[in-house]
Amino acid sequence: VYSDVDEKSKHVRLANEAVHIGNSKAQESYLSSKKILSAALESKADAIHPGYGFLSENAEFAQNVIDTGLVWIGPKPNSITSMGNKDVARELAIKSNLPICPGLKNDELNSNDLEKKCIDIGYPILIKASAGGGGIGMQIVNNFNELKSAIEKTKSIPTSIVTILVTIFLGLGIVYVAGHAQSSTLHDAAHDARHATGFPCH
């Protein structure tokens, strides 16, 4: 599928079949689940791979694809929902005995011993809204006064940007980094998996 802005893009020109789904505004093309599903059905596609960004981490879209009878190539809708919330993802990691950074959950932010808990974690500390991508609501603090200010600032982010504002993730920050490493895994319905080489993300 492609929008007006990608009409002459290489991937569109080389595709065996390409379906136009709207103008250059993402809301009217790549973020329109209705148009994408219509394109898939009209072209008699068997499956939908969401690509990256846009609707790729939208649990509702994933469920709509499945409900339409198409194969959804991606995580299950409930997995998308769980991984989209840092607190839920953290709890799942703990239950799976995975190593995690020390941190605090939302219900601990108003405790009387919050300052002591932060000292135990160790500064600098990373403040992150539990939902929303792209580093939204992310701040690094070096002392308790900065921490209190950062918490209030993160809670005040407009709801149009961050879905869940009242939960703030605190994690240990030993060094400042300009990027992180990512890796990809491919899984099929038979539970076979392949690991792709990791790459830096800045």
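**Notebook: helices H3 to H5 and two backbone spots**

I began at the surface, where Met-83, Val-88 and Leu-92 make a nonpolar patch of about 250 Å². Patch members have over 30% relative accessible area and no salt bridge, with nonpolar side chains joined within 5 Å; areas are Shrake-Rupley values with a 1.4 Å probe, and a salt bridge is a Lys or Arg side-chain nitrogen within 4 Å of an Asp or Glu carboxyl oxygen.

A note to self: this is a predicted model, with local features needing pLDDT of at least 70 and side-chain atom pairs pLDDT 80 or more, while totals for chains, interfaces and linings use all residues. Residues are numbered from 1 along each chain, and side-chain values use heavy atoms, without hydrogens or water.

Next I looked up Met-83 and found it in helix H4 (helices are DSSP runs of H or I with at least four residues, strands E runs of at least two). How do H4 and H5 pack? H4 (residues 77–84) and H5 (residues 86–95) meet at about 105 degrees, their axes 5 Å apart (axes are fitted to C-alpha atoms, and angles run from 0 to 180 degrees). The pair is therefore roughly perpendicular (65 to 115 degrees). Ser-82, Met-83 and Gly-84 of H4 touch Lys-86, Val-88, Ala-89 and Leu-92 of H5 (contact is heavy atoms within 4.5 Å). I sorted this contact into four nonpolar, two polar and one charged residues, with Gly counted as polar.

Then I turned to H3 (residues 59–68), which packs on H4 at about 175 degrees with axes 8 Å apart. These two are therefore roughly antiparallel (over 145 degrees). Here Ala-59, Ala-62, Gln-63 and Ile-66 of H3 meet Pro-77, Ile-80 and Thr-81 of H4; the classes are five nonpolar, two polar and no charged.

Last, the backbone. Asn-97, in the loop between H5 and H6, has a positive phi near 60 degrees without being glycine. The Tyr-123 to Pro-124 peptide bond is cis, omega near 0 degrees, and Pro-124 sits in the loop between H6 (114–121) and strand E3 (125–129).

Conventions:
Parallel < 35°, antiparallel > 145°, perpendicular 65-115°, else oblique. Patch = residues over 30% accessible without salt bridge, like charges linked within 9 Å, V, L, I, M, F, W, Y side chains within 5 Å.
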